[in-house]
Amino acid sequence: MSDVNAAARVFEHGDHTVKLINEDSSASQSPSPPPKPLLIAAPIEEGDYPMLLFLHGYLLCNSFYSQLLLHVASHGFIVVAPQLYSVAGPDSADEIRAAAATVDWLIPGLAHVLPRHVRPNPTKLAVAGHSRGGKVAFALALGHAKTSLRLSALIGVDPVDGMDRGKQTHPPILTYAPRSFDLKGTPAMVIGSGLGGLRRNPLFPPCAPEGVSHGDFFAECCPPAYHLVAKEYGHLDVLDDETKGVRGKATYCLCKNGRERRPMREFAAGAMVAFMKAYLEGERQCLRGIREEPGAVPVELSVVTYLEAED
């Protein structure tokens, strides 16, 4: 398969049949209950699968990402999405600890909630997060909380470190020193939204303000690192087509959005798949194809930057 064809395939649902599993820590039948309620997307076919820990955005529900999680899982990944909190303030330290505790739970607990023939591979673990969850993902990779498993790849989906430069939420992740992140060789991908830094209306600030968002995170990443930005889409366009409840309805009016969510969600999911295939499975065709043939991508990209290790 050519790099172009391989790239196009990641933006479609993969070959695996997948299911969603809700594992509530308070009602778990597992001998090792998870530290937080989980939404798990996993293939149902027998096999050994890499894992992805996915961290939701500020005041959002993990269920709002169901379509994205299923897309990623259909390409042969087990995706674990904890509900880190119901209500949170400006301090994200508890979220970082909860994310680390979820990583530590994966070995003793995950196998008990999956079908026996679906086996997670603890040597292939990526962490990703959206919005403030992206900040938490970077915090984990930077060692703000210790984990029992090594992180093999890091993805920030429109990550946000606070309200503005100098108004970062605790603990601040950005240092504003280029290539300063000590990720100990962990490859990083940063996915950005072109409209995230714009206000939807005068009453609300931008959802991903310049100075604390994707470009700033990428500027501090050392190779290998990748930066992709969807030009005409907004911060919350990675969510499900329909998000219910008061919080779900608020996602339609707080941020400047694109015309529809599906293209941005498929782009983000496909880029994550391509990146994880490259660094968890050694298959680089899809990642190369995104750069070499932008027409294979379901959105127009305003930024395509690859910092390979030799750069």
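**Helix α8, strand β6 and a surface patch**

Good morning. I begin with helix α8, which spans residues 285-292: Cys286, Leu287, Gly289 and Ile290 are buried there. Viewed down the axis of α8, the buried residues fall within an arc of 160 degrees, so they line one face of the helix. I should state at the outset that this is a predicted model.

I turn next to strand β6, residues 153-157. How many of its residues are buried? Five of its five residues are buried, and the strand is thus described as mostly covered. Ala153, Ile155 and Val157 point one way from β6, while Leu154 and Gly156 point the other way; all are buried.

The neighbours of β6 deserve attention. Strand β5, residues 118-130, runs parallel to β6 and is joined to it by five bridges. On that side, Gly129 stands opposite Gly156 in β6. Strand β7 also pairs with β6 in the parallel sense, over four bridges. Here Gly156 stands opposite Val190 in β7. Gly156 therefore has a partner in the pairing with β5, namely Gly129, and one in β7, namely Val190.

Finally, I come to the surface. Which residues form a nonpolar patch there? They are Leu203, Phe204 and Leu254, and together they have about 290 Å² of accessible area. Phe204 lies in the loop between β7 (188-193) and α5 (214-219). Its relative accessibility is 32%, so Phe204 counts as partly exposed; buried would require a value under 20%, and exposed one over 50%.

Thank you for your attention.

Conventions:
Residues numbered from 1 in each chain as written. Predicted model: local features only at pLDDT ≥ 70, side-chain atom pairs only at ≥ 80, totals over all residues. Heavy atoms only, no water. Buried < 20%, exposed > 50% of the residue type's maximum accessible area, 1.4 Å probe, protein only. Helix = DSSP H or I, 4+ residues; strand = E, 2+ residues; numbered from the N terminus. Arc of directions from axis to C-beta. Patch = residues over 30% accessible without salt bridge, like charges linked within 9 Å, V, L, I, M, F, W, Y side chains within 5 Å. Areas by Shrake-Rupley, 256 points an atom, 1.4 Å probe, with all protein chains shown as cover. Salt bridge = Lys/Arg side-chain N within 4 Å of Asp/Glu carboxyl O. Pairing = 2+ DSSP bridges.
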